[in-house]
Amino acid sequence: MIEFDVRTTDDGIGVVAPRGRLNMVAARQLRETLTGLVEGGTRRIVVDLAGTTFLDSSALGALVAGLKTARQAGGDLRIARPTESVMTVFRLTNMDKVLRARDDVESAFDV
Amino acid sequence: MSDARRFFVRVVALVTAILGINYVAWRWLFSVNWDAWWIAVPLVLAETYSLVDSLLFGMTVWRLKGRGEPPVPARDLTVDVFIATYNEPLDLVLDTARAAQRIAYPHRTWILDDGNRAELRARAEAEGIGWITRSADWADMPRHAKAGNLNNALSVTEGEFLLILDADMVPSPEILDRTLGYFEDERMGLVQTPQYFVNVPDHDPLGSQAPLFYGPIQEGKDGWNAAFFCGSNAVIRREALMQLGVARYAGEVEVGVHRALRTARSVIRKARKDLDADQVQVLGALEEIDYAIARARRDLDRGEALFDVTYRFQKRVATTRRELVDADLRTLNEDLAIIAGLDRVADDPDVSLATIDETALLQLADREWSPLGAVETVEALVRSIDVDRGGEAQPVMPMATISVTEDMATCMRLHGLGWRTAYHDEILAKGLAPEDLQTMLTQRLRWAQGTMQVMFRENPLVQKGLTLAQRLMYFATMWTYLSGFAALVYIAAPITYLTLGVLPVQALSTDFFVRLVPFLLVNQLLFFVVADGRPTWRGQQYSLALFPVWIRSFTSAFGNVFLGRSLDFAVTPKEKRAPTGHRWDLVKPQLVAMGLLVLALVAGAVRLALGEASPFGTVFNMVWVVFDLVVFSVIISAVRYRGFEPDTAPDSDLDASPPETASARPSDEGAA
């Protein structure tokens, strides 16, 4: 099962923390969460993957879709604190080469 | 697959290869009649083409894989069944959907309705069948035909596996139980089953069935881990498709941004030149964009992540845009102040510009409204230095969109990522083939064009990630579609001899025949043993007789890929056409060819009677002409074919509306 913790920082940055297995069943929920944030005016989003034990390509696709939505609204989507097993999935698709994961949530939008 | 049969096939394939290479080498080295090079060279090239075709066929069947009984699947897999439709009759789609609902293995059935038909939706949902049409994201975006339809559905469903069916492909209840077991292998990405058509008489006048392809050829490709995806009747692992989609996305945005950065300098320079010198502010903005591009390039060179670099770039350009608008607004306000100072204007309510809504002015800050928007080339450039794929409905497109036939390219890319595929040789879905010549020709042209597009855009011979054998297996299918050019030569050569007495070979000597005849015989023997009782002659006929279609597919795909021309792509019509009499006009090139062949027979006879030609050469070429005519005779029966009439009393379903649709591979069927 998967749970999404969603909060907004003082700087107005949305933080989404999926806890558990982020797979094809959860992918749509993730995408809807991200779209909902952007539509609500939160255009800068950090997806905190520290509590995400597993991630498949469908979930990765949902992240990309969320990124597109955020970019088109003038914002951005960053990912932070992926575990080693999650990074493997990024590597399999070469996403690790174009998308840099951040070491912590707070500074994800600093650079 | 018995070992004895596989061994026998290999022996015959090996002998065919040896005799073929021996013959063609001898042709090139010792027997080309260089004096008549204009026909001699084309002929030896055509023969070389046929030899390569034969070698690739031999390689294909070298590893004939008979998978036999499939493994039993686990019971807890989740499956979506997709029925792709665009404009097929509703009853046809619903019949397929109902059969899909009856598939025994637990699953969900979806109709992917690219026609967005309210009635189909209502009727499907009344029967508990899911209905999906394109989301709002697709408005004003490239639709990518069936590939787009499937990509759209992938984003709103969540099963681990997908069974893809064309609208007319009625599945049997055990289709999933017979295919899902292969996915026990966790690297298995796709399982293809045959495409079989119920509305085809035994003599198959339109060459609809592809018994050699959906059989030994796919089994052979399977042996090299290169079984093809054929668009319908296949089960796919969602993870494989999605991984492909994301990997393509990552690769393509990277390539796209780098390409944009490379051309950036010249785009800016040209835009600057086209501007009037008094547009100082826009010129200044271009300067800033130029600088932002230089920084982006430098950051990428330093190894910074593409997503960060493009984000910063977009932010900088946004700032530039805002400054431009601010400057414009300042100018406007100054103007307004001047206007307001003029008493007579201030009294005139029509010119009270100062009351303009502030928010309306702020709209100018949007992309389209900003003064920079006028410099379209630069705006396009800026947009392309981003990773959001703004020109597509979805950033991730798992089904390949580079070709009008999405299946081959998608499958090749899956293989490139290291996924395995399987071909399960058991008919588990039955569909409807075209019943008239025109529909059939449109369909074959479309397939051939799709294959040629892939050959030009992503040539398998140079694709990373594929084994050498996989590259050759994909290339083999493309190669068969080049047969149109060889067919022209095989028509022209005997005509040339019988009418002009010009022989493209140096002599019709014993040397010639002892090399050619054994090769031809053993090549046919190879077909015979590989086919194992399946009919192959129809396929061999069409591979020559449809030469105008194959040639047109090559030229139109070439024009499309390299010259940006339209393919004149038409969706295969699914409705039965009103009877319009025999359409001889559709096969004019073939009729002309047949006419010339017949005339050549007459000319040859006359020349023989006058003693101007050698009896042996004349008879040999006459036999060749008669063979050509027999091959082409299939065209006559195709034109005269009036549609399928079942032998037995037709079942009411089919009789009520016999629509037409299509699916099967024409290629590979005639590798001779």
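The exercises below, each with a worked solution, explore a predicted model.

**Exercise 1. The small sheet**

Work out the order of the strands in the open sheet of 3 strands in chain B, and explain why β5 and β7 each have one side without a neighbour.

*Solution.* Begin with the order, which is β5-β10-β7 in chain B, with mixed pairing. Next, look at the ends of that order: β5 (170–171) and β7 (196–197) of chain B stand at the edges with a single partner strand each, so one side of each is left without a neighbour in the sheet. Then take one pairing in detail, where β7(B) runs parallel to β10 (residues 429–431) of chain B and is joined to that strand by 2 bridges. Within this part of the sheet, B:Tyr196 stands opposite B:Lys430 in β10(B).

**Exercise 2. Two residues with positive phi**

Find where B:Asn116 and B:Asp532 are placed, and decide whether B:Asn116 is buried or exposed.

*Solution.* As background, most residues other than glycine have a negative phi. B:Asn116 is not a glycine, yet its phi is positive, at about 50°. This residue is found in the loop between β2 (108–113) and α4 (118–126) of chain B. A residue counts as exposed if 12 or fewer other C-beta atoms lie within 10 Å of its own, and B:Asn116, with 11 other C-beta atoms within 10 Å, is therefore exposed. B:Asp532, also not a glycine, has a positive phi of about 55°, and its place is in the loop between α17 (510–531) and α18 (537–545) of chain B. With 13 other C-beta atoms within 10 Å, B:Asp532 is partly exposed.

**Exercise 3. The nonpolar cores**

Identify which residues touch the most other members of the largest nonpolar core, and which helix gives the most to this core.

*Solution.* The largest nonpolar core holds 185 residues, and those that touch the most other members are B:Phe82, B:Ile83 and B:Leu163. Turning from residues to helices, α7 (residues 238–274) of chain B gives the most to this core, with 15 residues. To see one set of contacts, follow B:Leu163, which touches B:Val79, B:Val81, B:Phe82, B:Ile175, B:Leu176 and B:Val235, leaving out residues up to four places away in sequence. Another core, of 16 residues, lies apart from the largest one, and B:Val24, B:Val61, B:Leu64 and B:Leu526 are among its members.

**Exercise 4. Where the chains meet**

Determine how many residues of chain B are in contact with chain A, and which helix gives the most to that side of chain B.

*Solution.* The contact involves 26 residues of chain B and 24 residues of chain A. On the chain B side, α7 and α9 (306–341) each supply at least two residues, and α7(B) gives the most, with 12 residues. Sorted by class, the side of chain B that touches chain A has 13 nonpolar, 4 polar and 9 charged residues.

**Exercise 5. One helix and its cover**

Describe the span of helix α19 in chain B, and state what covers its buried residues.

*Solution.* Helix α19 (residues 547–563) of chain B has 17 residues and reaches 23 Å from its first C-alpha to its last, close to the 24 Å expected at 1.5 Å a residue. Its buried residues include B:Phe547, B:Trp550, B:Phe554 and B:Ala557. The cover over the buried residues of α19(B) includes α14 (437–457), α16 (483–500), α18 and α20 (588–609) of chain B. Finally, α19(B) is followed by B:Gly564, whose phi is positive, near 70°.

Technical notes. Residues numbered from 1 in each chain as written. Chains lettered and ligands numbered in written order. Predicted model: local features only at pLDDT ≥ 70, side-chain atom pairs only at ≥ 80, totals over all residues. Pairing = 2+ DSSP bridges. Helix = DSSP H or I, 4+ residues; strand = E, 2+ residues; numbered from the N terminus. Buried ≥ 20, exposed ≤ 12 C-beta atoms within 10 Å, placed from the backbone. Core = buried A, V, L, I, M, F, W, Y, C linked by C-beta atoms within 7 Å. Contact = placed C-beta atoms within 7 Å. Nonpolar A, V, L, I, M, F, W, Y, C, P; charged D, E, K, R; others polar. Expected span 1.5 Å × (residues − 1).
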